[in-house]
Amino acid sequence: EPITPDEKGVLNLRADDADLHGQLIKLESKGSHTWVGFWDKPQEFISWKVKFTQPGKYKVNANVATIHKDIEFIVEVAGKQLAAKAPHTGKWDEWKGVGLGSVEIAQPGEQTVTVRPKDAKTWKAINLRSVRLTRSE
């Protein structure tokens, strides 16, 4: 079942709704928060099936945590790759948002949103709590 926008048109892609691709990557939780952790292998990745109900430009943000510096990841959607550096938070459960830019959705319908390492050679683990796609007017 694809994820659909909320009443404001925002697609909230939460960790507990994600499809995890790999052997080590898994969900972790603390209190009411769930996130994707143990993401040590660069060939492992995360995806969601989503349903865009309106075409337009969508801002892409991710909520991440890592003890490492200068780790780059990408979000793929609608044939585009948006890259960002995960902000060094110093703790595995201290979260920061990071903007990845915008993507143009030409027509309504189902898409797959994928999060993966940008470069396998330099990959070090990050934790991911969510990805958010917000339609901008």
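In this predicted model, Ile71 has Ala86 of strand E8 as its bridge partner. The strand that begins this pairing is E7, residues 71–77, and E7 is joined to E8 by seven bridges. The two strands run antiparallel.

**The five-stranded sheet**

E7 and E8 belong to an open sheet of five strands. Read across the sheet, the order is E2-E5-E10-E7-E8, and the pairing is antiparallel. Which strands stand at the edges? They are E2, residues 19–21, and E8, residues 80–86. Each of these has a single partner strand, so one side of each is left without a neighbour in the sheet. Neighbouring strands of the sheet are not lined up exactly: on average they are turned by 25° against each other, direction ignored.

**The hairpin of E3 and E4**

Another antiparallel pair is formed by strand E3, residues 26–30, and strand E4, residues 33–37. Five bridges join E3 to E4. One of the pairings is that of Lys30, whose bridge partner in E4 is His33. The hairpin has two residues between its strands, and Gly31 takes a positive phi near 60° there.

**Salt bridges**

How many salt bridges does the structure hold? There are seven. Three of the pairs are set out below, with the distance from N to O for each and the relative accessible area of both residues.

| Pair | N to O distance | Relative accessible area |
|---|---|---|
| Arg14 and Asp17 | 3.1 Å | Arg14 42%, Asp17 35% |
| Lys118 and Glu72 | 3.7 Å | Lys118 46%, Glu72 32% |
| Glu76 and Arg116 | 3.2 Å | Glu76 19%, Arg116 26% |

Arg14 and Asp17 are part of a network of salt bridges that also includes Asp16. Arg14 is partly exposed, and Asp17 is partly exposed as well.

The salt bridge of Lys118 with Glu72 joins a loop to a strand. Lys118 lies in the loop between strand E10, residues 109–117, and strand E11, residues 127–136, while Glu72 lies in strand E7. The pair therefore ties together parts that are 46 residues apart in sequence. Lys118 counts as partly exposed, and so does Glu72.

The side chains of Glu76 and Arg116 also meet in a salt bridge. Glu76 lies in strand E7 and Arg116 in strand E10, so this pair links distant parts of the chain, 40 residues apart. Is Glu76 buried or exposed? Residues under 20% relative accessible area count as buried, and at 19% Glu76 is therefore buried. Arg116, at 26%, counts as partly exposed.

**Ser102 in strand E9**

Ser102 lies in strand E9, residues 96–105. Its relative accessible area is 29%, and it is partly exposed. Which residues does Ser102 contact once its neighbours within four places in sequence are left aside? They are Lys57, Tyr58, Lys59 and Leu82. For Ser102 and Asn63, the separation in sequence is 39 residues, and the distance in space, C-alpha to C-alpha, is 16 Å.

**The protein as a whole**

The protein has 11 strands and zero helices. From the N terminus on, its elements run β-β-β-β-β-β-β-β-β-β-β.

Contacts between residues that lie far apart in sequence can be counted over the whole chain. Among contacts between residues at least 6 apart in sequence, 71% join residues at least 24 apart.

What radius of gyration would a compact globule with 137 residues have? It would be near 14 Å, and the protein has 14 Å, which agrees. Taken along the principal axes, the box filled by the C-alpha atoms is roughly 35 × 30 × 25 Å.

Of the 137 residues, 40% count as buried. The protein exposes about 7,500 Å², and carbon and sulfur atoms supply 44% of that area.

Definitions and conventions:
Residues are numbered from 1 along each chain as its sequence is written. This is a predicted model: local features need pLDDT of at least 70, side-chain atom pairs count only at pLDDT 80 or more; totals for chains, interfaces and linings use all residues. Side-chain values use heavy atoms; hydrogens and water are left out. Two strands pair if DSSP finds at least two bridges between them. Helices (H or I, at least four residues) and strands (E, at least two) are DSSP runs, numbered from the N terminus. Axes are lines fitted to C-alpha atoms, for helices over the stretch in contact, and angles run from 0 to 180 degrees between N-to-C directions. Buried means under 20% relative accessible area, exposed over 50%, partly exposed in between (1.4 Å probe, protein chains only). Contact means heavy atoms within 4.5 Å. A salt bridge is a side-chain nitrogen of Lys or Arg within 4 Å of a carboxyl oxygen of Asp or Glu. The radius of gyration is taken over C-alpha atoms; the globule rule is 2.2 Å times the number of residues to the power 0.38. Accessible areas come from the Shrake-Rupley method with a 1.4 Å probe; for residues, only the protein chains shown count as cover.
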